[in-house]
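User: Hi, could you walk me through this protein? I am new to reading structures, so plain sentences would help.

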Amino acid sequence: MWTADEIALLCYEHYGIRLPKKGKPEPNHEWTLLAAVVKIQSPADQDCDTPDKPAQVTKEVVSMGTGTKCIGQSKMRKSGDILNDSHAEVIARRSFQRYLLHQLQLAATLKEDSIFVPGTQKGLWKLRRDLIFVFFSSHTPCGDASIIPMLEFEDQPCCPVIRDWASNSSVEASSNLEAPGNERKYEDPDSPVTKKMRLEPVTAAREVTNGATHHQSFGKQESGPVSPGINSCNLTVEGLAAVTRIAPGSAKVIDVYRTGAKCVPGEAGDSRKPGAAFHQVGLLRVKPGRGDRTRSMSCSDKMARWNVLGCQGALLMHFLEEPIYLSAVIIGKCPYSQEAMQRALTGRCQNVSALPKGFGVQELKILQSDLLFEQSRCAVQAKRADSPGRLVPCGAAISWSAVPQQPLDVTANGFPQGTTKKTIGSLQARSQISKVELFRSFQKLLSRIARDKWPDSLRVQKLDTYQDYKEAASSYQEAWSTLRKQAFGSWIRNPPDYHQFK
C-alpha cells in the first residue's frame, strides 16, 4: 500500500519542487522543520489488494507547513489577524483547514469532484470512504513526545542517538536538532551523554498501533521484542527508565532528551534533577518564548487533541457529519521513541469516554521514516562543516494548501513576510491561514449556499462573531469540554475577547 519512506520522500520532493525559495532557510546558515498532510486514495477495486500484489494507492500532498517560532502573549491581537503559533505542525494543520474549506465549497456548489459526499443529515457532508489522511513531520512534536530516554553505550564520538526499544540492537543517530536558546529545543546539547553513544544504521520503520509496538521493515513484517505501552499521565521519567530497562542488553537509561516546552500552570512541574529524572512525562506544556511567555500549547498536546476532536476545528464541524481524523503520523529521521510518541499522542487520552456521536479516541498508526529532511538542523550542520557564523532557525514560516487561489503564504512574526508596522491591520497584512481569514473563507462558503440548505446548527440562532460560530458547533464543543474534564484540565485557553472579531 504505502510506506513511511514513501510518504517522507513525497513530502521532501513537494517541498523542493512546489515551494519557492522565498521563506526557506538561508543555505549553510539556517534550518527549519517541515510538516504536511498527505491524502491517500485507495483503489476502487479493493479485491486487487493481495499479499502477492498489494494494491497501488494514489498519494497527494494537500497541505504543507514549515516553521519553528511562536509569538509571545504580549504580541497577541484581538483582531485574529496574527499567527500565534508558527511551528510547522500547526502551519500544516491550518493549511489543511484551508484545503477542507475549498473542498466543502466544491461539494456544496456541485461544480467539481470533492473529497466530500452528502451525509445522512440535512446540510452535512462526510469524507469519501476511499480516502484517508496521513500527517508527516520531519521531527518529533515539541513537548511530551520529545522527552526521550538516552542510553549509555561505549565511548565513541558521534552525533547523539536514541534507542528504538522494539528493534534488536540498532541505534539511530541524529545531531543535536536544536541549539539552546531557540524556540524549539528538545535536548541538552552540552550533555556529556552526546559523547557516549554508539552509531549503527537503521533501515526499518517503527510502528505503534493500538498500544502495541511492532517492528516493520519496508515491504514485509518482522517480529521483534515488544515492550509494554507507557500510558500513565503520572509516570515520571524515573518510572519510564525502569520500564525501558527491559530493552535487550539491559542498557542503562542515564538521561533524557530535553524539551524546551514548559509545564502549564496547574500541572505538576519538572523536577529538573540531573539525568533521567529531569522531566516529568505526560504533562501539558506550552511552547517557550524569548522572555515573553507564549500561550501556545506544545505540538504534542495539540496533536493529541486532534486525535480526539479531529483536524477540522469547530467552524468546519458545522458542515460535517463526523470529524476529519488522521489515520497515521509519520516522523522523519531524528531522535525518536515509539513509547514517547504513543504516550504523547494517544496514551494520555486513552480513557476518555462519553464523547458525542462521531467523536472518539482514534487508533493512530505511528511510523518513523529513515529519511532525513535536507534542511533540518542535523542535515545542515553536517553539510556546513567549518562554515563561519552560528547556525540559527529560519525566521520565516511557509504555508501551502492545495487550493486554486493563492496556495502559498509566507509569514514572519505572525504576519505576511514584508509587513511593516504601518500596514499591520490592513487586508494585505493578513496571512491566508490566520483566524480572521479562515473565518472569512467560512463566511464565503455560507454565502454560496442557500439558507434553507444550511445545517441546523447555523439556523437556530443569529450568529455574528467568530466566537458565536465556534460556540454554536455544539457537538464539537461538547467533545472538547469532555476532553478537558477527563484528560486536559489545565489546557490554556485564550480569553473570549480574542475571538470577538467579525
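Analyst: We can go through the overall make-up, the pockets and a few single residues in turn. Please keep in mind from the start that this is a predicted model.

User: OK, how many helices and strands are there?

Analyst: The protein has 11 helices and 23 strands. It contains 502 residues, and 60% of them count as buried.

User: And what share of the contacts links residues that are 24 or more positions apart?

Analyst: Among contacts with a separation of 6 or more, 73% are between residues at least 24 positions apart.

User: Let's do pockets. How much space lies in the largest pocket?

Analyst: The largest pocket holds about 940 Å³ of space. Its lining is made up of 38 residues, and those lying nearest the centre are Arg 94, Arg 305, Lys 435, Lys 470 and His 499.

User: What classes of residue make up that lining?

Analyst: The lining of the largest pocket divides into 19 nonpolar, 9 polar and 10 charged residues.

User: Which helices supply at least two residues of it?

Analyst: Six elements fit that description, namely helix 2 (88-109), helix 4 (299-309), helix 5 (313-317), helix 8 (435-447), helix 10 (466-472) and helix 11 (474-486). The largest share comes from helix 2, which gives 5 residues to the lining.

User: What about the second largest pocket, what is its volume?

Analyst: The second largest pocket has a volume of about 500 Å³. It is lined by 17 residues, and Arg 98, Gln 405, Gln 432, Ser 441 and Lys 444 lie nearest its centre. By class, that lining has 5 nonpolar, 6 polar and 6 charged residues.

User: Which helix gives the most there?

Analyst: Helix 8 does, with 5 residues. Helix 2 and helix 8 each supply at least two residues of the lining of the second largest pocket, and both helices also supply at least two residues to the lining of the largest pocket.

User: Switching topic: is Asp 5 buried or exposed?

Analyst: Asp 5 counts as buried because its relative accessibility is 17%, which is under the 20% cut-off. Asp 5 is found in helix 1 (residues 4-18), and its side chain makes a polar contact with the side chain of Ser 369 at 2.6 Å.

User: Where does Ala 429 lie?

Analyst: Ala 429 lies in the loop between strand 23 (415-416) and helix 8. Although it is in a loop, Ala 429 counts as buried, with a relative accessibility of 0%.

User: So what does Ala 429 touch?

Analyst: Leaving aside residues up to four places away in sequence, Ala 429 touches Asp 81, Phe 415, Pro 416, Thr 419, Thr 423 and Ile 424. As for Gly 414, which is 15 residues away along the chain, its C-alpha atom is separated from that of Ala 429 by 9.6 Å.

User: Which residues of helix 7 are buried?

Analyst: Helix 7 (residues 377-384) has Arg 377, Cys 378, Ala 379, Val 380 and Arg 384 as its buried residues. These buried residues pack against strand 1 (30-31). Helix 7 is followed by Ala 385, which has a positive phi near 50°.

User: Where else does a residue that is not a glycine have a positive phi?

Analyst: One of them is Gln 406, whose phi is about 45°. Gln 406 has its place in the loop between strand 21 (396-401) and strand 22 (408-412), and it counts as exposed because its relative accessibility is 53%. Asn 413 also has a positive phi, near 55°. Asn 413 lies in the loop between strand 22 and strand 23, and at 66% relative accessibility it counts as exposed.

User: Last thing, how many disulfides are found in the whole structure?

Analyst: A search of the whole structure finds 0 disulfides. For background, a disulfide is a covalent bond between the sulfur atoms of two cysteines.

User: And are Cys 311 and Cys 349 buried or exposed?

Analyst: Cys 311 is buried, with a relative accessible area of 2%, and Cys 349 also counts as buried, at 1% relative accessibility.

Note on methods. Residues are numbered from 1 along each chain as its sequence is written. This is a predicted model: local features need pLDDT of at least 70, side-chain atom pairs count only at pLDDT 80 or more; totals for chains, interfaces and linings use all residues. Side-chain values use heavy atoms; hydrogens and water are left out. On a 1 Å grid over the protein atoms alone, a cavity is a set of points where a 1.4 Å probe fits but cannot get out, and a pocket is an open set with protein on both sides within 12 Å along at least five of seven lines; lining residues have an atom within 4 Å of a point. Grid points are joined across faces, edges and corners, and a volume is the space filled by probe spheres set on the points. Helices (H or I, at least four residues) and strands (E, at least two) are DSSP runs, numbered from the N terminus. Ala, Val, Leu, Ile, Met, Phe, Trp, Tyr, Cys and Pro count as nonpolar, Asp, Glu, Lys and Arg as charged, and the others, Gly among them, as polar. Buried means under 20% relative accessible area, exposed over 50%, partly exposed in between (1.4 Å probe, protein chains only). A polar contact is a pair of N or O atoms within 3.5 Å; within protein, one must be able to donate a hydrogen and the other to accept it, and residues adjacent in sequence count only if both atoms are side-chain atoms. Contact means heavy atoms within 4.5 Å. A disulfide is a pair of cysteine sulfur atoms within 2.5 Å.
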